[in-house]
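This report describes selected features of one protein chain. Please keep the sequence and the structure at hand while reading.

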Amino acid sequence: MKTLMALAVAVVVLLPSCLRAAPAKPALEVVVLGSGGPRPFGRAGSSFIVLVGGRPRILVDAGPGAFLRIGELDLDLGKVDTVLLTHLHIDHSGDLPAFFNARALTSEGPVAYRVFGPDGAGLFPKTSRFVNLLMGEDGAFAYQKTFGAPETFTVRDLAISLDSARTKIVDEDGLVVEEIATHHGDCPSVAYRISYESEVVVFSGDMDASALPNLVQLARNADLLIFNCAVLDPPGSPSQLYDLHTPPRKIGEAAHESGVKSLLLSHLAPDVLGQKTAVRKSIGASYGGPVAFASDKMRVPVGK
Ligand SMILES: [Zn+2]
């Protein structure tokens, strides 16, 4: 018997790799680069890479530390040409030039980026101006274009009024990206929905509860909703933070109402992490699906 088993193992080992069944790749996977928020406590700022058909394709936000996590994970950036920015706070965009730098130095040929992010208001530039201030001819990092691969940037500014319609911004080869305006205090913000082969992941970005009707509409029946959970239920966090972020009880209500199949909480701070049981209980008051807390370098298959 032992000999037979050894023989079977040997046959499997000796089979040419092309004859072995390759493990099925999930249609969509999310790699968490940064699961933290604006305060430094060991987690990178908010950032995710979405793999489509097993290959990294989309960067969602670029918080400080994303560059480091990309290197630690040895991620192949060769096909990452789509950048979705939920808003332009530093904890979501501070590593954007570092990402462009990493991409240029680790892959070959010209790079044509398409970047999406909110329109401007108040102190916040529109996304096209933001990218131009960084990477444009008169930008701070204009040198970058001569440094690695030749780069072009096509930037689209997205509507930020809460009554703006949900909009499809990418539709190619089965990959669909949609967005809708949200609300994050005085900072223009949007949420994104990514679909591929009937799997769906939604990124809330940072948003206060006034935008929940839009988020619920965008997240309808998604396989995975990644919600930024930066505060505790009132009065557990400083009151001004509720003008910027949605508390757990309302996150649970939104997850239930939209019918999402699972929930991943990110943008975590020490006070929220110290109250995991209370946060779960609060979300569980209305949402019965699985709830997980993100950590840097976590890899999450979407759906199935
Ligand atoms: Zn944030």
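Where is the place of G174? G174 sits in the loop between β7 and β8 (175-181). The model under discussion is a predicted one.

## The surroundings of G174 and E197

G174 is partly exposed, its relative accessible area being 45%. When neighbours within four places in sequence are left aside, the contacts of G174 are with S195, Y196 and E197. A separation of 34 Å is found between the C-alpha atoms of G174 and F141, although these positions lie 33 residues apart along the chain.

E197, one of the residues in contact with G174, belongs to the loop between β9 (190-196) and β10 (199-203). With a relative accessibility of 52%, E197 counts as exposed, because the term applies over 50%. The backbone of E197 also deserves attention: its phi is near 45°, a positive value in a residue other than glycine.

## Salt bridges

How many salt bridges does the count come to? The count comes to 11 salt bridges. Three of them are described here, with the exposure of the residues that form them.

K297 is paired with E72, and the closest N and O atoms of this salt bridge are 3.4 Å apart. The pair links distant parts of the chain: K297 is in the loop between β13 (291-293) and β14 (299-301), whereas E72 is in helix α2 (residues 66-73), and the two are 225 residues apart. K297 is partly exposed, at a relative accessible area of 38%, and E72 is likewise classed as partly exposed, at 40% relative accessibility.

A second salt bridge joins the side chains of E172 and R114, at 2.8 Å from N to O. E172 lies in strand β7 (residues 167-172) and R114 in strand β5 (residues 111-118), so this pair ties together parts of the chain that are 58 residues apart in sequence. E172 is partly exposed, with a relative accessible area of 29%.

D171 and K168 form a further salt bridge, in which the closest N and O atoms are 3.4 Å apart. D171 counts as exposed at 52% relative accessibility, while K168 counts as partly exposed at 48%. Elsewhere, R69, E72, D296 and K297 are joined into one network by salt bridges that share partners.

## The contact between helices α4 and α5

Two packed helices are described by the angle between their axes and the distance between the axes. For helix α4 (residues 96-106) and helix α5 (residues 127-135), the axes come within 10 Å and cross at roughly 60°. That angle makes α4 oblique to α5, and the crossing of the two helices is right-handed.

Which residues of α4 and α5 meet? On the α4 side they are L96, P97 and F100, and on the α5 side F130, L134 and M135. By class, the residues of this contact divide into six nonpolar, no polar and no charged.

## The buried residue S46

Is S46 buried or exposed? S46 counts as buried, at 1% relative accessibility; the class requires a value under 20%. S46 lies in the loop between β1 (28-34) and β2 (47-52).

Residues up to four places away in sequence are not counted among the contacts of S46. On that basis S46 touches G34, G36, D61, A62, G63, D91, H92, N228 and H267.

## Backbone features

Most residues other than glycine have a negative phi, and most peptide bonds are trans. Against this background, D74 shows a phi near 50°, a positive value in a residue other than glycine. D74 is located in the loop between α2 and β4 (82-84) and counts as exposed at 66% relative accessibility. E197, described above, is another residue other than glycine with a positive phi.

Which residues does a cis peptide bond join? The bond joins P234 and P235, and its omega is about 5°. P235 is placed in the loop between β11 (224-228) and α7 (248-258).

Technical notes. Residues numbered from 1 in each chain as written. Predicted model: local features only at pLDDT ≥ 70, side-chain atom pairs only at ≥ 80, totals over all residues. Heavy atoms only, no water. Salt bridge = Lys/Arg side-chain N within 4 Å of Asp/Glu carboxyl O. Helix = DSSP H or I, 4+ residues; strand = E, 2+ residues; numbered from the N terminus. Buried < 20%, exposed > 50% of the residue type's maximum accessible area, 1.4 Å probe, protein only. Axes fitted to C-alpha atoms, helices over the stretch in contact; angles between N-to-C directions. Parallel < 35°, antiparallel > 145°, perpendicular 65-115°, else oblique. Left-handed = near helix turned anticlockwise from the far one by under 90°. Contact = heavy atoms within 4.5 Å. Nonpolar A, V, L, I, M, F, W, Y, C, P; charged D, E, K, R; others polar.
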